[in-house]
Amino acid sequence: MPDPEPTGTEAAPARHDFVLPPRHHLFAVFDGHVEAASAVAALRSAGHAAEDDVRVLAGDEGIATIDASGAVHGAWGRVVRMAEEAFAEHDVEYLQVLEEELRAGHVVVVVRVADETAADEVARDLRDRSGHTFAYGAHWDFVPVVS
C-alpha cells in the first residue's frame with residue numbers, strides 16, 4: 001500500500017530542533033507530494049530506515065518548524081536568528097527560501113547524513129528524483145551541496 005500524501009510533518013521534530021540548522025542533515029525541496037513520497041521511499045530502501053533518518057515538512061507545520069524569523073520559537077528563536085543575520089546571513093536567507101517553497105505548496109525533505117560527502121551523494125540521487133534547492137546542515141550552519 002503506498003504511503004499517504006503528507007499533510008503536515010512526518011516524524012515531526014520538537015520545534016527547538018530547527019532553531020539552529022540540524023547537524024548532519026541534508027535539506028531538499030520537492031515541488032509535489034508525490035515526488036517527495038517517492039524520494040522518501042527510495043531513501044528508506046537505500047538504508048535511511050530509522051524513524052528519525054527522514055523528515056518531511058509541509059504546510060503550516062513545516063513553516064513553523066523552519067521558522068526563518070525565529071518568532072515561533074519565542075525570544076530564544078529571535079535571538080538566534082539575529083545572530084545568524086549578523087554572522088551567517090546566508091543561513092537565514094536559505095530558511096526564508098524554504099518557507100517560500102512551503103507556502104507555494106512544495107515539500108521539504110530532511111535527511112540525516114554522515115558528512116558532506118554523503119550529503120553530496122544523497123543530493124545527486126534526490127536531484128535525479130526532481131529534488132532541488134539543497135543545503136547541508138554541517139555544524140551550526142548550512143553549506144551548499146551539488147545542485
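**Entry 1: Met82 and its surroundings**

I looked up Met82 first and found this residue exposed, at a relative accessible area of 56%. The model I am reading is a predicted one. I placed Met82 in helix H3, which covers residues 74–87. I then asked which residues form a nonpolar patch on the surface with Met82. They are Trp76 and Val79, and the three together have about 360 Å² of accessible area.

**Entry 2: the chain as a whole**

I recorded five helices and six strands for the protein. Read from the N terminus, I noted the order β-β-α-β-α-α-α-β-α-β-β. The protein has 147 residues, and I find 48% of them counted as buried. For the accessible surface I noted a total of about 7300 Å², with 54% of that belonging to carbon and sulfur atoms. I also checked contacts with a separation of 6 or more: 74% of them are accounted for by residues 24 or more positions apart.

**Entry 3: backbone angles**

I turned next to phi. Most residues other than glycine have a negative phi. Which value does phi of Ser130 take? I read a positive value, near 80 degrees. Ser130 sits in the loop that runs between helix H5 (116–128) and strand E5 (132–137). I noted Ser130 as partly exposed, since its relative accessibility is 43%.

Thr133 was my next entry: this residue is not a glycine either, yet its phi is positive, at about 60 degrees. I located Thr133 in strand E5. Its relative accessibility is 25%, so I recorded Thr133 as partly exposed; the cut-off for buried is under 20%.

Technical notes: Residues are numbered from 1 along each chain as its sequence is written. This is a predicted model: local features need pLDDT of at least 70, side-chain atom pairs count only at pLDDT 80 or more; totals for chains, interfaces and linings use all residues. Side-chain values use heavy atoms; hydrogens and water are left out. Helices (H or I, at least four residues) and strands (E, at least two) are DSSP runs, numbered from the N terminus. Buried means under 20% relative accessible area, exposed over 50%, partly exposed in between (1.4 Å probe, protein chains only). Contact means heavy atoms within 4.5 Å. Accessible areas come from the Shrake-Rupley method with a 1.4 Å probe; for residues, only the protein chains shown count as cover. Patches are made of residues with over 30% relative accessible area and no salt bridge: like charges are joined within 9 Å, nonpolar side chains (Val, Leu, Ile, Met, Phe, Trp, Tyr) within 5 Å. A salt bridge is a side-chain nitrogen of Lys or Arg within 4 Å of a carboxyl oxygen of Asp or Glu.
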